[in-house]
Amino acid sequence: MRKFISLSLLFCLLILSACDKDTATPIETTTLGFAFTANYGGVPLVINEQEYDYAGKPIRFSKVSFYMSNVTLGETEVSDVNYVDLTKTHTDQAAAETGTIMNFPKIPVGEYNSMAFGIGVAPDLNRTKPSDYSTSHPLGADNSGEYWEAWESYIFVKIEGQYDADGDGFDGEDVAFAYHIGQDEMYKSISATFDSPLLLEENTPTNISFSLDIKQLLTTGTGELLPLDTHDPNNQMDVMRMIINNFPAALIYKR
């Protein structure tokens, strides 16, 4: 008889526990949007079409892209990795001002005081290959051109274009430059504390805008622009390190 009573009480407790789970208050969430734009010294960057002044000579850009990893708000994970290809969206003035939009649903509502992310592919993910993912994944086959077998690494950042070093107009004599940055040591962690808390409210999409100044990325520690018409193969790691270290100052966010 005692055993029967004990089993009955246990059964009732299990039912009550299940009911509590069923009636638990769901977590309120909202959508967080990121908008990425590129500029050159404050002027919207238009891929292939717009010319800019680079130390007195014309320059234009044909490729600007980068990976962003381990995005968090406070202790909340927003995204593990994203591929930001500004080349595809910065096709004219209006498109450049809109930029590349990414939306992250189901972010818990509340106040957030800080944000953190990495430029590049985090080391644990950088040990993988495009074949490890679905085709459309940021690290998958659709972006297989962003993986370099010789490095056994994804290419974290690409900046490509043409520099009219002789100043006689763009022609076959232009300097074609391509700065590709990768490998674990180049992964750059960035964190920021907000001046005032970021409030996320249910059913109220919130956006954060990121503006990347390409001119700032190509500026040396002495304040001069990187000489694009000289190529020193023994100095490429230093150039890559300079560009990646310029990201915290060049990538400005607005709420």
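The charged end of Arg60 perches over the ring of Phe170, 4.1 Å from its centre. Arg255 does something similar with Phe194, lying over the face of that ring at 5.0 Å from the ring centre. Keep in mind that this is a predicted model, so every distance and angle here is computed from predicted coordinates.

**Rings on rings**

Aromatic contacts go well beyond those two arginines: the structure holds 18 aromatic pairs. Take Phe117 and Phe210, which meet edge-to-face with 6.0 Å centre to centre and 90° between the planes. That pair ties together distant parts of the chain, since Phe117 sits in strand β7 (residues 110–119) and Phe210 in strand β12 (residues 206–213), 93 residues apart. Both Phe117 and Phe210 are buried. Another edge-to-face pair is Tyr147 with Tyr154, at 4.9 Å centre to centre and 75° between the planes. Tyr147 is buried, and Tyr154 is too.

Which residues do ring pairs link into a cluster? They are Phe34, Phe36, Phe66, Phe104, Phe117, Phe210 and Phe247. So Phe117 and Phe210 have a place in that cluster as well.

**Strand β1 and its partners**

Now for strand β1, which covers residues 29–40. This strand is mostly covered, with ten of its twelve residues buried. Here is how β1 pairs up with other strands:

| Partner of β1 | Sense | Bridges |
|---|---|---|
| β6 (residues 100–108) | antiparallel | seven |
| β12 | parallel | eight |
| β2 (residues 43–44) | antiparallel | two |

Some individual residues help you find your way around. On the β6 side, Leu32 has Phe104 as its bridge partner. Phe104 is also one of the rings in the phenylalanine cluster. On the β12 side, Ala35 is bridged to Ser209. Over in β2, Val43 stands opposite Tyr40. Strands β1 and β2 make a hairpin with two residues between them, and Gly41 in the turn has a positive phi of about 60°.

As a bit of background for reading a strand like this, side chains in a regular strand alternate between the two faces of the sheet.

**Two buried residues up close**

Is Thr37, a residue of strand β1, buried or exposed? Thr37 counts as buried because its relative accessibility is 16%, and the cut-off for buried is under 20%. Leaving out residues up to four places away in sequence, Thr37 touches Leu86, His90, Ala96, Glu97, Thr98, Gly99, Phe210, Ser211 and Leu212. Phe210 turns up here again, having already appeared as the edge-to-face partner of Phe117.

Ile59 lies in strand β4 (residues 57–73). How much relative accessible area does Ile59 have? The value is 0%, so Ile59 is buried. With residues up to four places away in sequence set aside, Ile59 touches Tyr40, Gln50, Glu51, Tyr52, Tyr54, Gln162, Tyr163, Phe170, Phe177 and Leu228. Two of those names should ring a bell: Tyr40 faces Val43 in β2, and Phe170 carries the charged end of Arg60 over its ring.

Finally, Ile59 and Gly169 are 110 residues apart in sequence, with their C-alpha atoms 10.0 Å apart in space.

Note on methods
Residues are numbered from 1 along each chain as its sequence is written. This is a predicted model: local features need pLDDT of at least 70, side-chain atom pairs count only at pLDDT 80 or more; totals for chains, interfaces and linings use all residues. Side-chain values use heavy atoms; hydrogens and water are left out. Rings of Phe, Tyr and Trp (its six-membered ring) pair if their centres lie within 6.5 Å; planes under 30 degrees apart count as stacked, over 60 as edge-to-face and the rest as tilted. Helices (H or I, at least four residues) and strands (E, at least two) are DSSP runs, numbered from the N terminus. Buried means under 20% relative accessible area, exposed over 50%, partly exposed in between (1.4 Å probe, protein chains only). A charge sits over a ring if NZ of Lys or CZ of Arg is within 6 Å of the ring centre and within 35 degrees of the ring normal. Two strands pair if DSSP finds at least two bridges between them. Contact means heavy atoms within 4.5 Å.
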